[in-house]
Amino acid sequence: MKTLKLPIEVQQELKKVSTVAGYLWQREWAERNAGNISMNLTSFFKKEDVQGIGEEVPFDFPKESAGFVIYITGTGCYLRDLVDMLEEVSCILYINEDASAYSIIWGGNRPNFGPTCELISHASIHLFNSKYHPENLAVVHTHPLELICMSHHELFDNEEELNRQIWAMCPEVKVFVPKGIHCTPYALSSTEHLAKVTIEAFKTRNVSLWEKHGATATAPDVMKAWDFLDVANKGAKMLMMCWAAGFQPAGLSNAQLTELEQFI
């Protein structure tokens, strides 16, 4: 039986996945089976390495994603298990040459395993990135507490002002999340509509804040995607701490925020 040998570069990326999954669990951003992680690994493999492994499962992918090799977490799987059960709760899949099916070529080593129900969103984002931001290989979706709270606040209806107030909390938020947060309108999970609104978000912003649901970031690797989410949520958390203490924070001025752009 043909098996897949993981290049050392892929092994290193999967170690980052385990590390980030631990961070998400420690932050209480990954309750039960919440959240999912994926990475476009196509560039690390030759076609002959990935074809002919596993059985095909029918799935209607975007046609241009044919031939993609994607690492992705499993449906119903707990992200905390990625720390030490990576091959049981996630997999690498290969999208066939007409984008009508996928085959699991690594991992998924547990009964009734299947990739996350958000597979269409992840595949669509990876296709978008391959065209417009090929450096971005990773996608992380999780449930950052303070950012989700912000999606229930009236500021969510004013994206520019929401970003201004979050950026203003400390210089690092402006420098390390320079494009800011997209206030992504509500869409049902695991639908093509959710994929479309998220892609729209990444045309202009670093983070897509899914209304009343969670947040998603894309970056060259999962650690950098985590950084976008971590820093953005830190700004939201500090803003809410000030509100909880009963005052509106002074914040950095618009001139000070503009001055920081030299470090971006």
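**View 1. Tyr132 and its ring partner Phe128.** Tyr132 is exposed, with 55% relative accessible area, whereas Phe128 is buried at 8%. (Buried is under 20% relative accessible area, exposed is over 50% and partly exposed is in between, using a 1.4 Å probe and protein chains only.) This is a predicted model, so local features need pLDDT of at least 70 and side-chain atom pairs count only at pLDDT 80 or more, while totals for chains, interfaces and linings use all residues. Residues are numbered from 1 along each chain as its sequence is written, and side-chain values use heavy atoms, leaving out hydrogens and water.

**View 2. Two tryptophans from far along the chain.** There are 6 aromatic pairs in the structure, and one of them joins Trp29 and Trp226: tilted, 5.5 Å centre to centre, with 45° between the planes. (Rings of Phe, Tyr and Trp, the last by its six-membered ring, pair if their centres lie within 6.5 Å; planes under 30 degrees apart are stacked, over 60 edge-to-face, and the rest tilted.) Trp29 lies in the loop between helix H1 (8–26) and strand S1 (36–40), and Trp226 in helix H9 (residues 222–244), so this pair ties together parts 197 residues apart in sequence. (Helices, H or I of at least four residues, and strands, E of at least two, are DSSP runs numbered from the N terminus.) Trp29 is buried at 2% relative accessible area, and Trp226 is buried too, at 6%.

**View 3. Charges over rings.** Arg80 sits over the face of Trp25, 4.6 Å from the ring centre. Lys174 does likewise over Trp167, at 3.8 Å. (This needs NZ of Lys or CZ of Arg within 6 Å of the ring centre and within 35 degrees of the ring normal.)
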